[in-house]
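Here are my notes on the model, set out point by point. Please read them with the structure open.

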Amino acid sequence: MIVVMQKGASKHEIDHVIQRVASLGLKPHPIVGEERTVIAAVGEKREQHKEALENCAGVAQVMPILAPYKVASREVKSQPTVVTARSLRIGGGNVGIIAGPCSVESEEQIMATARAVKAAGATGLRGGAFKPRTSPYSFQGMKENGLKLLAQARDATGLAVVTEVMATEDIPLLERYADVLQVGARNMQNYRLLEAVGKSSLPVLLKRGPSATMDELLLAAEYILDAGNSQVILCERGIRTFETHTRFTLPLASVPYLQAKTHLPIVVDPSHGTGHTYLVPRMACAAVAAGADGVMLEVHPNPEAALSDGYQSLNFRQFDETMSLCRKVAEAVGRRI
Ligand code: PEP
Ligand code: MN
């Protein structure tokens, strides 16, 4: 249920409703809006709950939340969520560009990439140190040494570091070096991991599983929100279909769809979404045109020599050109990169 407080309800009245929600065995999620406070009461609802809450002082209205996800829904929070980490701002009109290699490979590689993407206008630096690879024989990432290099690149450029967390037990280590925790497509429904990143103080970038529906993605985000972390970015990275021309199929309708259903920002990853460098620049522009709150791009100094995902990575010149194109599109649709 959503408990909508009256405009100008006092702190005392709001605190009382929060306590009342908890005493009914529901979990209160207060959302302080510009005009009024709304308290989402999540849990198994009973008819008498509505009446009990309606009778509290300062309450304007009590309504059911129709969507299966609750705290993630627009019904509960109409204002867009803005996720902030250092120079990175995503959501509420801010278009964030997160760029960098698929994997951190060496000091030279990550430092050169960080400088190049920063100069071209990126606000976040991506780079995997723990890599989920289909084959156990493929490069698995530099682990903590990779994280140290990311932190070094962040110190040199001010870019926010976005890097993947694969296991719950690695979270404390990642928190020492990262600014945003990425939950990869393969882990979108790893509920213990979602709960654990939900307890972190760092924002989370949650990638869509290749076979996950929109509702499954939003319910995965709900796990993170329910655990107490409100800083969640959703990422459309393509899904598996019968199509083989592209590595995945990148459905951009998910951008306006998700924006209608949730207040959380949506980032598009055209690198994984297409799997081919030559398709990336225009799909990045298409994502901006569709209203995405950010774009995530794989960039490598020498894609041919990359240890992972080189075939879908941009070199520095291509990234620069992609940024110029995206800026023009952003301007045309009334946004700024
Ligand atoms: C990545 O970002 O390099 C990655 C592994 O992405 P995904 O989880 O979307 O496959
Ligand atoms: Mn990759």
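1. Start at a strand pair. In β9, V161 is the bridge partner of L125. This is a predicted model. The pairing of strand β8 (residues 124–126) with β9 is parallel and runs over three bridges.

2. How many of the residues of strand β9 (residues 160–164) are buried? Five of its five are, and the strand is mostly covered. A160, V162 and E164 point one way from β9. V161 and T163 point the other way. Both sets are buried, E164 and T163 included. As background, side chains in a regular strand alternate between the two faces of the sheet.

3. L125 also leads to I110, one of its contacts. I110 sits in helix α3 (residues 107–120). Is I110 buried or exposed? Its relative accessibility is 0%, so I110 counts as buried. Beyond its neighbours within four places in sequence, I110 is in contact with P101, V104, L125, R126, L149, L150 and A153. Q152 is worth locating as well: I110 and Q152 are 42 residues apart in sequence, with their C-alpha atoms 9.1 Å apart in space.

4. Next, the domains. The domain assignment of the chain gives domain 1 (2–63) and domain 2 (83–332). The C-alpha centres of domain 1 and domain 2 lie 36 Å apart.

5. The largest nonpolar core has 78 residues. Which of its residues touch the most other members? They are V197, L206, L234 and F319. Helix α7 (residues 214–226) supplies the largest share of this core, seven residues. The core draws at least three residues from each of domain 1 (2–63) and domain 2 (83–332). Another core, of 16 residues, lies apart from it. Among the members of that other core are V3, A9, V17 and L53.

6. L234 deserves a closer look. Leaving aside its neighbours within four places in sequence, L234 is in contact with L206, L217, L218, A221, L258, T262, L264, P265, I266 and V267. One of these contacts, L206, is listed with L234 among the core residues that touch the most other members.

7. Now the four-stranded sheet. It is open, its strand order is β2-β3-β1-β4, and its pairing is antiparallel. Which strands are at the edges? They are β2 (27–32) and β4, each of which pairs on one side only. From one strand to the next, the twist averages 20°. Within this sheet, β1 and strand β3 (residues 37–42) pair in the antiparallel sense over three bridges. V3 has I39 as its bridge partner in β3. V3 is also listed in the core of 16 residues.

8. Helix α1 packs on this sheet. It lies across β1, β2, β3 and β4, and runs at about 5° to β3.

9. Last, helix α2 (residues 47–54). Its buried residues are H49, A52 and L53. Seen down the axis of α2, these fall within an arc of 90°, so they line one face of the helix. The general background fits here: an α-helix has 3.6 residues a turn, so residues three or four places apart point the same way. The face of α2 turned away from the buried side carries the exposed residues E47, Q48 and E51. What covers the buried residues of α2? The cover includes β1 (2–5), α1 (11–23) and β4 (59–63). L53 of this helix is one of the residues in the core of 16.

Note on methods. Residues numbered from 1 in each chain as written. Chains lettered and ligands numbered in written order. Predicted model: local features only at pLDDT ≥ 70, side-chain atom pairs only at ≥ 80, totals over all residues. Heavy atoms only, no water. Core = buried A, V, L, I, M, F, W, Y, C linked by side-chain atoms within 4.5 Å. Buried < 20%, exposed > 50% of the residue type's maximum accessible area, 1.4 Å probe, protein only. Helix = DSSP H or I, 4+ residues; strand = E, 2+ residues; numbered from the N terminus. Domains from an automatic or database assignment. Contact = heavy atoms within 4.5 Å. Arc of directions from axis to C-beta. Pairing = 2+ DSSP bridges. Axes fitted to C-alpha atoms, helices over the stretch in contact; angles between N-to-C directions.
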